[in-house]
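Q: Please take a close look at one part of this model. I would like the packing around the second helix, with the residues and contacts spelled out.

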Amino acid sequence: MGQAMADTNSRYLTRRELAEYLTQRGFKMSYSTLLRLAMRNGPPPAGYWGNRALYDPEKALAWAKRRFRTSWRSAA
């Protein structure tokens, strides 16, 4: 029961909220860009409420940090 209780206290973000969250943390991301990325290789959703994807903010921030590059050229 303890784990289930902890899960219900988590704060998940919608895509629109996630775009704002990432932007505030230095990863400027518009809602439309996040929509486009979510269709391909975007941040993994924590789950769904109805047909709406919800995101764990810390996992999404880790995703953004993994996408960060020090050069604009590809590694290839």
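A: Here is helix 2 with its core, the loop before it and its salt bridge.

This is a predicted model, in which local features need pLDDT of at least 70, side-chain atom pairs count only at pLDDT 80 or more, and totals for chains, interfaces and linings use all residues. Residues are numbered from 1 along each chain as its sequence is written, and side-chain values use heavy atoms, with hydrogens and water left out.

Start with the core. The largest nonpolar core has 15 residues. Such a core is a set of buried Ala, Val, Leu, Ile, Met, Phe, Trp, Tyr and Cys residues joined through side-chain atoms within 4.5 Å. Buried means under 20% relative accessible area, exposed over 50%, and partly exposed in between (1.4 Å probe, protein chains only). Leu18, Tyr21, Leu22, Met29 and Trp63 have the most contacts inside this core. Helix 2 (15–24), helix 3 (31–38) and helix 4 (57–67) each supply at least two of its residues. Helices are DSSP runs (H or I, at least four residues), numbered from the N terminus.

Now Leu18. Beyond its neighbours within four places in sequence, Leu18 contacts Leu13, Leu34, Pro43, Tyr55 and Ala60. Contact means heavy atoms within 4.5 Å.

Next, the loop. Thr14 sits between helix 1 (2–8) and helix 2. Thr14 counts as buried because its relative accessibility is 17%. Leaving out residues up to four places away in sequence, Thr14 touches Arg52, Ala53, Leu54 and Tyr55.

Last, the charges. The structure holds one salt bridge. Arg11 pairs with Glu17, their closest N and O atoms 3.2 Å apart. The cut-off is a side-chain nitrogen of Lys or Arg within 4 Å of a carboxyl oxygen of Asp or Glu. Arg11 is exposed at 53%, whereas Glu17 is partly exposed at 31%.
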